[in-house]
There are 2 protein chains.
Amino acid sequence: MKQRFELDARLLRDCHVLGYLDECDVLLHRNAGAPWFILAPHTTQTEMIDLPIEQQQQLLKTINQLGGFVRNHFEIDKLNIAAIGNIVSQLHVHVVGRSQQDYCWPDVVWGRQCDEVYSAEQIEYIAQQLADELGLVRV
Amino acid sequence: MKQRFELDARLLRDCHVLGYLDECDVLLHRNAGAPWFILAPHTTQTEMIDLPIEQQQQLLKTINQLGGFVRNHFEIDKLNIAAIGNIVSQLHVHVVGRSQQDYCWPDVVWGRQCDEVYSAEQIEYIAQQLADELGLVRV
């Protein structure tokens, strides 16, 4: 049996785990002030540039798909796509839809708290749309 | 004669223009608190996901090269790679080397000022190393 990829405890605390897609776990940040998704590729590398090129290209494809999904499903003005990892070293890529009306525009979301949260129904809806449209395998 | 790619005024104000590499302008942020480079692909698209896939892959290759350069030439603990664009919509990708000793670790650099600047000699040295090692065309 394939061992389940183990997510960092901080990511688990901060996010809802929606499922996985093309060797990436797909997370939704609990902060609902902006549609904030996180892709965690199944790797022990901590830098994107250290992934084999094939895995980088797969990740790029998944970023494209998820970015398109965010733009289609939320009212956004800009995508913010970032691999930071100063606090959580496990490789993860933020895909955040930003709106000029959101809680911290035009600042970046990192380090900016927001009390808005998703309902269970909203999380279920988003996960199901990702499953239907992108083939997310739900967990 | 090929028209020179026109950089956004804010990028020109905030950065030293070092040259170009594989259809990207290469900039060095004036904030010397961290080795902070910016790639501005020669495109009018504002979202990375809207670039043709070939151009995305070229950009990825340039990010890999520049990220490796930053890691080789500076004492860093982490790379931060990000396409944000909330303030400057012209597509640009930040490639920032972060150290646990730098001015705002572990926070992100965006929105965090620092008075440290590069000397003309340091800028010249960095540009020349980029030219020698990665083939940067200097301007």
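This text leads from the contact between two chains of a predicted model to the strands of chain B and then to the nonpolar core.

The two chains meet through 27 residues of chain A, which are in contact with 27 residues of chain B. On the chain A side, the elements that contribute two or more residues are α2 (53-73) and β4 (78-83). Of these, α2(A) gives the largest share, with seven residues. Sorted by class, this side of chain A comprises 14 nonpolar, nine polar and four charged residues. The strands also meet across the chains: β4(A) pairs with β4 (residues 78-83) of chain B in the antiparallel sense over three bridges. Within that pairing, A82(A) has A82(B) as its bridge partner.

In chain B, strand β2 (residues 24-29) pairs with two other strands. With β1 (residues 15-21), the pairing is antiparallel and runs over six bridges; here C15(B) stands opposite H29(B). The hairpin between β1(B) and β2(B) has two residues between the strands, and D22(B) in the turn has a positive phi of about 50 degrees. With β3 (residues 36-41), β2(B) pairs in the antiparallel sense over five bridges, and V26(B) has L39(B) as its bridge partner. Six residues link β2(B) to β3(B) in a hairpin.

In a regular strand, side chains alternate between the two faces of the sheet. Both faces of β2(B) are covered: C24(B), V26(B) and L28(B) are buried on one side, and D25(B), L27(B) and H29(B) on the other.

The largest nonpolar core has 70 residues, and L39(A), V95(A), L39(B) and V95(B) have the most contacts inside it. Beyond its neighbours within four places in sequence, V95(A) is in contact with residues including F37(A), L39(A), I63(A) and I81(A).

Methods
Residues are numbered from 1 along each chain as its sequence is written. Chains are lettered from A and ligands numbered from 1 in the order in which they are written. This is a predicted model: local features need pLDDT of at least 70, side-chain atom pairs count only at pLDDT 80 or more; totals for chains, interfaces and linings use all residues. A nonpolar core is a set of buried Ala, Val, Leu, Ile, Met, Phe, Trp, Tyr and Cys residues joined through C-beta atoms within 7 Å. A residue is buried if 20 or more other C-beta atoms lie within 10 Å of its own, exposed if 12 or fewer, and partly exposed in between; C-beta atoms are placed from the backbone. Two residues are in contact if their C-beta atoms, placed from the backbone, lie within 7 Å. Helices (H or I, at least four residues) and strands (E, at least two) are DSSP runs, numbered from the N terminus. Ala, Val, Leu, Ile, Met, Phe, Trp, Tyr, Cys and Pro count as nonpolar, Asp, Glu, Lys and Arg as charged, and the others, Gly among them, as polar. Two strands pair if DSSP finds at least two bridges between them.
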